[in-house]
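Got the viewer open? Let's take a short walk through some side-chain contacts, one selection at a time.

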Amino acid sequence: MVDAAPSPAQPEPSTFQSVEITSWTTGCLVLLVVIWSLTGHHVKRWNLNEGSAACALGLVSGLVILAFQSYMQKEVVKELLGFNAASFFAFLLPPVIFWAGLSVEKKLFFSHIGSILTLGILGTAVCFVVTALVLWLTFSHIGVLSLQESLAMGAIFSATDSVATLQVLNQDSMPVLFSLVFGEGVINDATSVVLLGAVDRMFSNTAASQASSSGSMWGGLLLTFMYLFVTSLCMGVATGLGIAFLMKRLEGQGVHQEVALVGLLSYLSYLLAEVGGLSGILSLFCCGIVVSHFALPNISNVGRTTTLNAFRTLSYISEGIIFIYVGMDALDPAKWRNAHVGQAGSLCVVLLLLLFISRACSVLPIALAHNLLSTTQKLNSRDIIIIWWSGLMRGAVSVALAYYYFDYGAGMTTYEAGSGGAEGPAPSSQQHRATLIVATLVVVLITVLGLGNLTNTLTQLLVEEPERGLWELLWRGAYGCGHRLAHLPALLCGLAQRMRKEGEGTFGVVKVG
């Protein structure tokens, strides 16, 4: 039984109407990106990074859309306020990941590859286990989360967003710290996606689901993770070497052909990994590193410069679109109307506490091991605090993974009641899934706008005032954090009430898919 399904007699929009709707939504999005690009570099005076500025712009734009929704087509409002996880993974994320691989400082990256992989893989796994275990122990006995959902939420909230910290760190003056934070950020995203894929594979099999109560579940999860990780890495490296070989053999190509071949063949490695059930993020990142080291030297100087500038621009635009959409999607009244606000609130509180605890559990042992085993620069207490703080933010990857796993592609208003399976704790799967997505959105917004806003201040205190005592700096940072966050609960409560009122009003007829 499908709830609130569109009537079969409802006519499909004509080609002209579809073009008009697409033009409106695309035009609004392009205008917002232009505004963000013009004003993004001015927000540093307010201790905001560009990602936080884009998210705040999305929130403001969402409020404007809600205020004038009666003058807009319902389809346009639906497209603007709806986060499309498929488009995120297929079109917006690849330029960001590929540019991360192209721009990596190879000497620094590979000189600290052991610590980077340990932080990105083992550290992410520790965050995953701690988060999933605490969520399951806290919410399973009251019927809020099943074991499968606890594991999925653990994987979703293991994906960090270190962009705010990287914008403050200076690569020249702090090369080791920068390489660790940068490298961990990319490996972490890939590891989180692989973990969620492993959870999905494990529970998609009925026999595996029946064996989930035994110790073999963790062994199966580990084997699935290792298989996905190694095969994705090999696919990316093989594709990058193939591109390098092809560019060495092809001579006399124009600059536009060189850029097109490098971009399209690299993008193909991402798509093939996704189609094959592997990690496209890890495959594309490894492909970008190999292309940067082996393929780009085989093309002309103009082609090399054009390729780097082209993908840097695409990555910049994609990041802006991603954060703007995250801000607008948080104001979708249909989600707030369908969600259980009380459960979402309790989930948010526990998840925010787990961000700090799980991050400390993963960073401190690895940092101590780095200092014991590393023959190069050691990490002092300030460096460890910066690495810990850089992994507290959650971004668009967490939002996209939540939609990918809990939306099921059917839309928030078309779920089948009771389709959550034997372990599904909620009487209405529609409300339950909406609750998990809303909780994810709220945590992401708090970390991006709250913790991201404090990153500049904290990092500058730790980096630029080395003569001051650590505890004095931490006290000053904590005092500033508390002062800025004092009004945040009241703001979020008012925003939630507004969303529920809007959802119960005229906008409630819009079906968000």
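**Rings, then charges**

Start by selecting Tyr403, which is buried at 5% relative accessibility. Keep in mind that this is a predicted model.

Now add Phe83, another buried residue, with a relative accessible area of 7%. The ring centres of Phe83 and Tyr403 sit 5.6 Å apart with planes at 25 degrees, so this pair is stacked. Zoom out a bit: Phe83 is in the loop between helix H3 (74–81) and helix H4 (85–103), while Tyr403 is in helix H18 (residues 396–406), so the pair ties together parts 320 residues apart in sequence. Bring in Phe88, Phe89 and Tyr404 too, since ring pairs link them with Phe83 and Tyr403 into a cluster.

Next, go to Phe109 and Phe110. Their rings pair edge-to-face, 5.3 Å centre to centre with 85 degrees between the planes. Phe109 is buried at 4% relative accessibility, whereas Phe110 is partly exposed at 45%. The structure holds 15 aromatic pairs, and these are among them.

How many salt bridges are there? The count is 3. Select Glu184 and Arg359, whose closest N and O atoms are 2.6 Å apart. Glu184 lies in helix H9 (residues 175–204) and Arg359 in helix H16 (residues 341–373), so this bridge ties together parts 175 residues apart in sequence. Glu184 is buried at 3%, and Arg359 is buried at 3%.

Last stop: Lys335, buried at 2%. Lys335 forms a salt bridge with Asp329 at 2.7 Å, and another with Asp332, at 2.7 Å, N to O. Asp329 is buried at 0%, and Asp332 is buried at 0%. Shared partners join Asp329, Asp332 and Lys335 into one network.

Key: Residues are numbered from 1 along each chain as its sequence is written. This is a predicted model: local features need pLDDT of at least 70, side-chain atom pairs count only at pLDDT 80 or more; totals for chains, interfaces and linings use all residues. Side-chain values use heavy atoms; hydrogens and water are left out. Rings of Phe, Tyr and Trp (its six-membered ring) pair if their centres lie within 6.5 Å; planes under 30 degrees apart count as stacked, over 60 as edge-to-face and the rest as tilted. Helices (H or I, at least four residues) and strands (E, at least two) are DSSP runs, numbered from the N terminus. Buried means under 20% relative accessible area, exposed over 50%, partly exposed in between (1.4 Å probe, protein chains only). A salt bridge is a side-chain nitrogen of Lys or Arg within 4 Å of a carboxyl oxygen of Asp or Glu.
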